[in-house]
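Here are a few exercises on charged side chains, each with a worked solution. Have your viewer ready and try each task before reading on.

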Amino acid sequence: MTTLNHLINGEPFAETGRTADVYNPSTGAVIHQVPLASRDTVQKAIDAAKAAFPAWRNTPPAKRAQVLFRFKQLLEQNEQRIVQLISEEHGKTLEDAAGELKRGIENVEYATAAPELLKGEYSRNAGPAIDSWSDFQPLGVVAGITPFNFPAMVPLWMYPLAIACGNCFILKPSERDPSSTLLIAELMYEAGLPKGVLNVVHGDKETVDALIQAPEVKALSFVGSTPIAEYIYKEGAARGKRVQALGGAKNHAVLMPDADLDNAVSALMGAAYGSCGERCMAISVAVCVGDQIADALIERLTPQIQSLKVGPGTCKGLDMGPLVTKAALEKVTGYVQDGEAAGAKLVVDGRSLKVADHDNGFFLGGCLFDNVTPDMRIYKEEIFGPVLCVVRVNSLEDAIALINAHEYGNGTCIFTRDGESARLFSDEIEVGMVGINVPLPVPVAYHSFGGWKRSIFGDLAAYGPDGVRFYTRRKTITQRWPQRATHEAAQFAFPSNG
Ligand code: NAD
């Protein structure tokens, strides 16, 4: 069993204080210890980032991009190692881990466009002999705090772009599966990043609080559960920091009576049970418009859920691995009990699943509830496990009203063959990311990712164009060079082109 290090000023840094266990969720065994950074360690990372900032800020964006080009190549060359580490500590299948890494690499590719992204805006002759332009300058030291469910992709949403924009970054990965995140950060240095530009401090609340409270940290990017997102937003904003805090979700898929049912069922299987339901864009509610489509959906889903191939994520050819921790397993099985007690019909119960030779793994089979109603906890709360709830409604308008009344608004989708229904849905739905016959509408790297309502706190979404704006601040310069300087009298009227 190894103890991981922090990564400060480009070097491994050993913590002498508190540690936490990192599990292999397929076996239930502790495989690593992760250090939990003290305030002193966080300060070391901040000092390193602060010292690196003046030179990095003045490094031409094209040179910054060259580091990212090499980084992308290294990520591709090291795919097998990274994917193995993700799967070992998170539990997701190798194929799923490879998918998250590829989406993360797309964010690196976007960040390599830094020279283009930072060109700014220019107006010649904004007034007589007056030119005006806006620069997008880095903020300084910025920090990111990331969740367990995408240990490669979500950090890659943040620091490649922040660094491309000229900032220095401190990353606090999830303490549950930190190894792949750390390996990827080390590759940034192999790619030629100057020391101190990226630092990794592992930790928990104490570490996060030290980052929130440090005056040198100008911005916080957070992705995780809603209560923590709200806490970080409030505490960060109260200290004058820029904060984007992405939270939890309850994503609904609407099935219209005219949907292509075979394809909708396949899409729902992947979106509800892929990654054991531990995705912020996972579909956890199927809203069926009419009993006929609901009955047909249940009939087709049931055998498919019962025959999901579940096992250790590191074995090839599986559909689903374990949940991430024992606590997660207990929480999700608690919801299943709660749903039954509240009167929902448990059509498929995954609690009896046994994985051969893995008695201590955190496994749960796929679960399916029918006749779920909006007052039930299994409907209202984020379960974050392989549990799909079917809610029956009478019309598209009822489906829209149901979804709009939910506190979360991360992702949603509609399955239909009717353009009019699809257009009404995408116009009226109060959700940030919408799919039309697309179950997981995660925006590509050159758009931006963000939900609505209590799925996000802060004004700007993650990555893409919003990410550039988040990690830079606008400075607008107005300059006048009259061709022949003549004496001009003082003007007391407000300057205008009028
Ligand atoms: P989490 O909120 O428990 O942890 C996220 C991060 O916050 C971790 O780095 C953790 O160490 C830190 N943290 C935990 N408790 C803290 C505290 N009291 N104070 C300060 N920091 C604390 O989330 P998780 O379980 O790692 O991830 C799953 C959650 O993340 C789900 O709710 C999921 O929907 C959400 N998520 C959202 C998105 C999105 O883009 N909206 C993406 C991925 C995951």
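**Exercise 1.** With which residue does Arg392 form a salt bridge?

*Solution.* Keep in mind that this is a predicted model. Start from Arg392 and look for a carboxyl oxygen within 4 Å of its side-chain nitrogens. The partner is Asp291, with the closest N and O atoms 3.0 Å apart. Next, place both ends: Arg392 sits in strand β17 (residues 387–393) and Asp291 in helix α11 (residues 291–306), so the pair links distant parts of the chain, 101 residues apart. Finally, check the accessibility: Arg392 is partly exposed at 25%, and Asp291 is partly exposed at 46%.

**Exercise 2.** Find the salt-bridge partner of Glu230, then the network that holds the pair.

*Solution.* Glu230 pairs with Arg454, their closest N and O atoms being 3.1 Å apart. Glu230 belongs to helix α9 (residues 226–238), while Arg454 lies in the loop between β21 (452–453) and β22 (456–457), 224 residues apart. Widening the view, Lys234 and Glu407 join Glu230 and Arg454 in a network of salt bridges. For context, the model has a count of 29 salt bridges.

**Exercise 3.** Is Lys119, the partner of Glu116, buried or exposed?

*Solution.* First confirm the pair: the closest N and O atoms of Glu116 and Lys119 are 3.1 Å apart. Then apply the cut-off, which is over 50% relative accessible area for exposed. Lys119 has 58% relative accessibility, so Lys119 counts as exposed.

Methods
Residues numbered from 1 in each chain as written. Predicted model: local features only at pLDDT ≥ 70, side-chain atom pairs only at ≥ 80, totals over all residues. Heavy atoms only, no water. Buried < 20%, exposed > 50% of the residue type's maximum accessible area, 1.4 Å probe, protein only. Helix = DSSP H or I, 4+ residues; strand = E, 2+ residues; numbered from the N terminus.
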